Amino acid sequence: MAPACNAPRATIPRVSESQDLREFIREQTLQRRDRAGRVTLSLDEKRAQVRQLIGALEARDFDAIAALEFYDADAEFRSTISASEGEVYRGVEGLRAWAMSVDEIWEDFRVEVAEVHDAGENRAVVIFNVTGTAKVSGVPLDTQTGQVWTWSDDGVVIRNDSFGHAHAAFEFAGLPYGPSTRST
């Protein structure tokens, strides 16, 4: 028989009836700050935020994106194409402008999160499968791209750098690219 353990049992935080989910999440985030006051997100939390934001973007639900507490109102998105022209999309209106330009060119444009890799306390490398068909030429698009997402010390997405190839995203994040980095 195992000896009895007198250690206090861990309690699992729960949302009370008088508390809304946003307030609960905010309180839990504040409790996770380190001594320097920074929020450190786990890979699972980063992955969940990426999937939630991309899901809303795929649905072109910009009101849902604006309501996300983890997406900064002035977040920078440097898309692969616009970066070559020096353009940066900012905030929800920037994402709306990006989506409009994509929708003008592509039919059935889809972005699917394939992998999310931890790239340190406040960054992640995200690999996407991107598909679509050019409206004018009918040329199909079926490729994999990479992005580096950056969070602030408050756990809020503040920047997204996009690359035409996954290896470029790993390189930008200072991570090796190869078979060991391909699984999540």
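Here are some exercises on the structure above, each with a worked solution.

Before you start, note that this is a predicted model, where local features need pLDDT of at least 70, side-chain atom pairs count only at pLDDT 80 or more, and totals for chains, interfaces and linings use all residues. Residues are numbered from 1 along each chain as its sequence is written, and side-chain values use heavy atoms, with hydrogens and water left out.

**Exercise 1: the overall plan**

Find how many helices and strands the chain has, and in what order the elements run.

*Step 1.* Helices (H or I, at least four residues) and strands (E, at least two) are DSSP runs, numbered from the N terminus. The chain has six helices and six strands.

*Step 2.* Start at the N terminus and walk along: you get α-α-α-β-α-β-α-β-β-β-β-α.

*Step 3.* Now look at burial. A residue is buried under 20% relative accessible area, exposed over 50%, and partly exposed in between (1.4 Å probe, protein chains only). Of the 184 residues in the chain, 37% are buried.

**Exercise 2: the sheet**

Work out the order of the strands in the sheet, and which strands sit at its edges.

*Step 1.* Two strands pair if DSSP finds at least two bridges between them. The six strands form an open sheet with mixed pairing, in the order β2-β1-β6-β5-β4-β3.

*Step 2.* The edges are β2 (89–90) and β3 (106–118), each pairing on one side only.

*Step 3.* Zoom in on one pair: β1 (residues 71–78) joins β2 in the antiparallel sense over two bridges. Glu 76 stands opposite Arg 90 in β2.

**Exercise 3: helices against the sheet**

Describe which strands helices α2 and α5 touch or lie across, and at what angles they run.

*Step 1.* Contact means heavy atoms within 4.5 Å. For angles, axes are lines fitted to C-alpha atoms (for helices, over the stretch in contact), and values run from 0 to 180 degrees between N-to-C directions.

*Step 2.* Helix α2 (residues 43–58) packs on the sheet, touching β1, β3, β4 (123–134), β5 (140–151) and β6 (157–163). Its direction makes about 175° with that of β3.

*Step 3.* Helix α5 (residues 91–105) lies across β1, β2, β3 and β4, at about 40° to β1.

*Step 4.* Check the span of α2. The expected value is 1.5 Å times one less than the number of residues. With its 16 residues, α2 reaches 22 Å from first C-alpha to last, close to the 22 Å expected.

*Step 5.* Pick out buried residues of α2: among them are Val 50, Leu 53, Ile 54 and Leu 57, and also Lys 46.

**Exercise 4: salt bridges**

Explain why the pair Asp 118 and Lys 46 ties together separate parts of the chain, then look at other charged pairs.

*Step 1.* Side chains of opposite charge can pair when their charged atoms come close. Here a salt bridge is a side-chain nitrogen of Lys or Arg within 4 Å of a carboxyl oxygen of Asp or Glu. The whole structure holds eight salt bridges.

*Step 2.* Asp 118 and Lys 46 meet at 2.5 Å, N to O. Asp 118 lies in strand β3 and Lys 46 in helix α2, so this pair links parts 72 residues apart in sequence. Lys 46 is buried at 0% relative accessibility, while Asp 118 is partly exposed at 38%.

*Step 3.* Asp 103 and Arg 60 form another salt bridge, at 2.7 Å, N to O. Asp 103 is in helix α5 and Arg 60 in the loop between α2 and α3 (62–67), so parts 43 residues apart in sequence are tied together. Arg 60 also takes a positive phi of about 55°, just after α2.

*Step 4.* For a pair inside one helix, try Glu 93 and Arg 96, whose closest N and O atoms are 3.1 Å apart. Both lie in α5, three residues apart, about one turn of the helix. Glu 93 is exposed at 52%, but Arg 96 is partly exposed at 28%.

*Step 5.* Finish with a network: salt bridges link Glu 76, Arg 78, Arg 90, Arg 159 and Asp 161.

**Exercise 5: one loop residue**

Is Ser 79 buried or exposed, and which residues is Ser 79 in contact with, leaving aside its neighbours within four places in sequence?

*Step 1.* Find Ser 79 in the loop between β1 and α4 (80–84).

*Step 2.* Its relative accessibility is 6%, so Ser 79 counts as buried.

*Step 3.* With those sequence neighbours set aside, Ser 79 is in contact with Tyr 89, Trp 98 and Ser 162.
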